[in-house]
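Reader: I'd like to go through this one piece by piece. Can you put it up?

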Number of protein chains: 2
Amino acid sequence: MRIILIFLFEFFYYTLIMGKSSKQILSEHNVSITNPRILVLEVLLDNKGPVTVDELQNVLNNKVAKSTLYRVLNDLKKINLLHEFTSPENTTVVELILEDRAHHHHLFCSDCGEVIDVELSNKFEDFLAAEIKKIEKKFNFKISDHRVEMFGQCTDQCKNCTTDS
Amino acid sequence: MRIILIFLFEFFYYTLIMGKSSKQILSEHNVSITNPRILVLEVLLDNKGPVTVDELQNVLNNKVAKSTLYRVLNDLKKINLLHEFTSPENTTVVELILEDRAHHHHLFCSDCGEVIDVELSNKFEDFLAAEIKKIEKKFNFKISDHRVEMFGQCTDQCKNCTTDS
DNA sequence: AGCATAAATGAGAATAATTCTCATTTTTTT
DNA sequence: AAAAAAATGAGAATTATTCTCATTTATGCT
């Protein structure tokens with residue numbers, strides 16, 4: 001009985017409160033469950049939102065070899081769990097693609113290098129979708145994705161711009 | 001008299017038909033006029049639009065040392081003549097910023113790697129400007145620039161997608 | 001025009017980010 | 001629990017970019 005309760009607790013905790021565990025996510029995508037993958041995924045799940053490869057390397061220092069870190073990131077890209085992009089300062093930024101997260105864009109601070117997720121209004125997204133249809137016709141393209149990038153400076157003390165508002 | 005006519009021809013040819021010459025552009029920005037700078041600028045003026053650093057290197061092979069090419073590109077960035085960005089395949093792309101060119105965005109083909117300049121409607125740009133104002137307030141940011149990136153595949157034979165339509 | 005000074009260049013070494021290699025370890029399959 | 005397959009760590013290799021420094025080129029001055 002006690003074991004059942006613990007199991008239930010884990011179930012609720014991970015799936016409802018915390019979201020999926022790294023192990024769950026890995027097994028759902030048919031990739032073998034290994035320590036480096038769990039560790040990397042956990043860091044990414046903690047910092048939902050954009051993370052620098054450099055930051056990952058620092059956090060995982062001594063726990064995951066750097067070659068393995070890159071391999072794991074490529075694995076996650078292959079199963080469409082990870083989105084990778086480059087900041088204007090040329091640092092590689094990485095972000096989990098979670099089903100429950102809305103489509104969003106990025107705001108880059110040239111002072112502190114911070115990258116912030118930004119959602120734009122539905123009305124705007126509809127308008128952009130219409131523009132994209134026109135572009136597809138004009139250039140005979142099949143456009144599968146888009147992203148709006150905004151560049152500027154946070155006027156607050158840096159690092160404060162990450163706190164939600 | 002003949003000399004004056006030739007001068008006039010040159011003037012009209014370069015400023016009205018061809019746009020400014022590389023030398024003119026350089027002297028207007030107070031950078032010394034050197035061969036490598038002229039050569040790089042000329043290639044960029046020919047291919048108005050996005051060019052890969054790789055392509056530049058190939059075209060200028062043996063004419064400009066690779067260290068110099070990078071230096072010249074950095075010089076042009078410093079005087080705000082050059083916009084540099086990264087394709088999803090992680091190649092560095094470079095594009096002249098010409099006063100007579102409209103604000104535009106980029107369309108990337110994942111098949112042939114081509115990058116295409118795209119203008120979106122004024123109505124769309126106005127809408128986006130309004131969204132950006134909201135974002136500036138929300139995140140206490142000063143946003144100085146933005147770019148819409150579109151990703152997909154040209155359904156034509158590759159390389160054809162560069163021809164205007 | 002010609003000289004002195006400052007700036008730019010070429011060639012290749014140095015650096016940084018990412019990928020690759022391969023012997024060992026871990027995970028999965030049976 | 002053993003065999004087969006896959007993943008890992010450590011460091012070498014690769015690639016793009018920057019740096020160094022001796023030489024060349026451009027600019028300002030007379």
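Reader: Which residue of E3(A) is the bridge partner of His83(A)?

Author: In strand E3(A), Glu95(A) is the bridge partner of His83(A). This is a predicted model, where local features need pLDDT of at least 70, side-chain atom pairs count only at pLDDT 80 or more, and totals for chains, interfaces and linings use all residues. Residues are numbered from 1 along each chain as its sequence is written, chains are lettered from A and ligands numbered from 1 in the order in which they are written, and side-chain values use heavy atoms, with hydrogens and water left out.

Reader: How many bridges between E2(A) and E3(A), and in what sense do they pair?

Author: Strand E2 (residues 82-86) of chain A pairs with E3(A) in the antiparallel sense, over five bridges. Pairing here requires that DSSP finds at least two bridges between the two strands. Helices (H or I, at least four residues) and strands (E, at least two) are DSSP runs, numbered from the N terminus.

Reader: What about the hairpin of E2(A) and E3(A), which residue has a positive phi?

Author: Asn90(A), with phi near 75 degrees. That hairpin has five residues between the strands.

Reader: And E1(A), how does it pair with E3(A)?

Author: Strand E1 (residues 51-52) of chain A is antiparallel to E3(A), with two bridges. Thr52(A) has Val93(A) as its bridge partner in E3(A).

Reader: Why is E3(A) described as largely enclosed?

Author: Because four of the five residues of E3(A), residues 92-96, are buried. Buried means under 20% relative accessible area, with exposed over 50% and partly exposed in between (1.4 Å probe, protein chains only).

Reader: Switching to the DNA. Which residues come nearest to strand C?

Author: Tyr70(A), Thr92(A), Thr34(B), Thr68(B) and Arg71(B), out of 18 residues around DNA strand C. Sugar and phosphate make up 63% of the strand C atoms that come within 4 Å of the protein. A residue is near a strand if one of its heavy atoms lies within 4 Å of it.

Reader: What polar contacts does the strand C phosphate have?

Author: Among them, a side-chain N or O atom of Thr68(B) is 2.6 Å from a phosphate oxygen of strand C, and a polar side-chain atom of Arg37(B) is 2.9 Å from one. Ile33(A) uses a polar backbone atom, 3.1 Å from a phosphate oxygen of strand C. A polar contact is a pair of N or O atoms within 3.5 Å; within protein, one must be able to donate a hydrogen and the other to accept it, and residues adjacent in sequence count only if both atoms are side-chain atoms.

Reader: Which element gives the most to the surface near strand C?

Author: H5(A), with five residues.

Reader: Now strand D. Where do Arg71(A) and Ser67(A) sit relative to a base nitrogen?

Author: A polar side-chain atom of Arg71(A) is 2.8 Å from a base nitrogen of DNA strand D. For Ser67(A), a polar side-chain atom lies 3.2 Å from a base nitrogen of strand D. Thr34(A) has a polar side-chain atom 2.8 Å from a phosphate oxygen of strand D.

Reader: Last one: is Ile38(B) buried or exposed?

Author: Ile38(B) is in helix H3 of chain B and counts as buried, because its relative accessibility is 11%.

Reader: What does Ile38(B) touch?

Author: Leaving out residues up to four places away in sequence, Ile38(B) touches Ser22(B), Lys23(B), Leu26(B) and Ile33(B). Contact means heavy atoms within 4.5 Å.
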